[in-house]
Amino acid sequence: SATILAACMFGSASAAELVVGFSQIGSESGWRAAETTVTKEEAKKRGVDLKFADAQQKQENQIKAIRSFIAQGVNAIFLAPVVETGWDAVLKEAKESEIPVILLDRTIKAPEDLYLTAVTSDQVHEGKVAGDWLAKTVGDKPCNIVELQGTTGSSPAIARKKGFEEAIAGKANFKIVRSQTGDFTRTKGKEVMESFLKAENGGKDICALYAHNDDMAVGGIQAIKEAGLKPGKDILVVSIDAVPDIFKAMAAGEANATVELTPNMAGPAFDVLDAYLKDKKAPAKWIQTESKLYTPSDDPMKVYESKKNLGY
Ligand code: GZL
């Protein structure tokens with residue numbers, strides 16, 4: 001009919017609907033899965049047509065996805081960048097197509113005019129909170145630490161290492177004796193922790209495990225138990241993300257502290273995008289989300305119950 005023809009010609013309803021391409025890193029951790037769930041929910045709530053692409057933690061897949069979003073002529077691109085570098089060329093293409101890019105949960109090393117803003121937590125602070133907790137808990141006893149780093153070259157891995165080292169700087173009794181990437185996954189975290197245990201007298205010389213995310217900590221806890229030691233007691237366990245399973249481990253006395261990272265980076269990102277599309281005023285370069293320390297005194301099973309249905 002004439003109405004439908006007019007709608008098709010002038011795209012009446014769809015004109016109001018924003019189309020946003022989201023290049024997601026993958027599903028390497030519970031936190032990442034929750035971020036995907038929350039982002040899709042936020043888009044639905046706002047009537048945004050979200051084009052979703054999972055890169056299986058490969059940068060080349062993210063670059064391909066961004067090029068595809070540009071070809072589709074999306075209104076904006078959300079990018080959770082797996083690593084800090086290698087984005088200039090593809091972000092220049094987005095800029096040439098006048099498609100604003102917003103970074104979610106990780107940052108990049110690139111000219112700031114190549115992205116509108118970054119919505120992330122303060123990852124140096126997260127590492128510092130973890131290190132301060134350990135320093136306070138251990139006091140001046142000798143403490144050999146093993147560290148499971150996040151994905152090599154990613155902003156959280158670089159920042160969380162820096163923050164933790166700041167916290168123990170100048171304290172001669174603390175020493176990071178082993179440090180290696182577990183790529184933010186449980187499997188790799190367990191594998192690397194097994195090698196740490198073997199290398200450190202079966203784990204008897206290890207005082208604490210610092211993992212850049214809870215998933216690697218959960219893998220490490222498994223390895224510590226299989227080595228016949230008590231995680232949370234023989235080896236203290238501190239990590240970041242505050243996913244449900246770390247609270248289960250805490251309730252079982254197998255984990256000691258985690259630093260909360262909200263999976264909702266998309267809410268603030270959509271708000272910034274709306275404002276920008278209305279008045280074309282550039283927002284702040286960094287929208288910072290909050291972090292919070294949790295320990296077993298925070299009723300871990302209650303926290304677990306409150307988080308377990310949030311898409312982790
Ligand atoms: C941090 C985020 C990290 C999470 C991990 O903002 O990029 O990536 O801490 C995830 O669980 O893999």
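Residues 21-281 make up a span that is 45% helix and 20% strand, with end C-alpha atoms sitting 21 Å apart. Keep in mind that this is a predicted model. The UniProt record, an unreviewed entry, puts the feature "domain: Periplasmic binding protein" on residues 21-281.

Now for the ligand. The space it takes is the largest cavity. Around the ligand there are 13 residues, and the ones that come nearest are E28, D105, R106, R160 and D241. If you sort the shell by residue class, you get six charged, three polar and four nonpolar residues. As for where shell residues come from, two helices are worth pulling up in your viewer: α3 (30-45) and α7 (155-168) each supply at least two of them.

Which side chains put a polar atom by an oxygen atom of the ligand? R32, Q123 and N213 are three that do, and here are the distances:

| Residue | Distance from a polar side-chain atom to a ligand oxygen atom |
|---|---|
| R32 | 2.9 Å |
| N213 | 3.0 Å |
| Q123 | 3.1 Å |

How much of the ligand does the protein bury? Taken alone, the ligand exposes 310 Å², and the protein buries 100% of that.

So much for the surroundings; back to the pocket's makeup for a moment, with charged residues numbering six in the shell and α3 and α7 both contributing to it.

Definitions and conventions:
Residues are numbered from 1 along each chain as its sequence is written. This is a predicted model: local features need pLDDT of at least 70, side-chain atom pairs count only at pLDDT 80 or more; totals for chains, interfaces and linings use all residues. Side-chain values use heavy atoms; hydrogens and water are left out. A residue is near a molecule or strand if one of its heavy atoms lies within 4 Å of it. A polar contact is a pair of N or O atoms within 3.5 Å; within protein, one must be able to donate a hydrogen and the other to accept it, and residues adjacent in sequence count only if both atoms are side-chain atoms. Accessible areas come from the Shrake-Rupley method with a 1.4 Å probe; for residues, only the protein chains shown count as cover. On a 1 Å grid over the protein atoms alone, a cavity is a set of points where a 1.4 Å probe fits but cannot get out, and a pocket is an open set with protein on both sides within 12 Å along at least five of seven lines; lining residues have an atom within 4 Å of a point. A molecule sits in a cavity or pocket if more than half of its atoms lie within 2 Å of its grid points. Helices (H or I, at least four residues) and strands (E, at least two) are DSSP runs, numbered from the N terminus. Ala, Val, Leu, Ile, Met, Phe, Trp, Tyr, Cys and Pro count as nonpolar, Asp, Glu, Lys and Arg as charged, and the others, Gly among them, as polar. UniProt positions are given in the numbering used here, feature names are shortened, and annotations may be inferred rather than shown by experiment.
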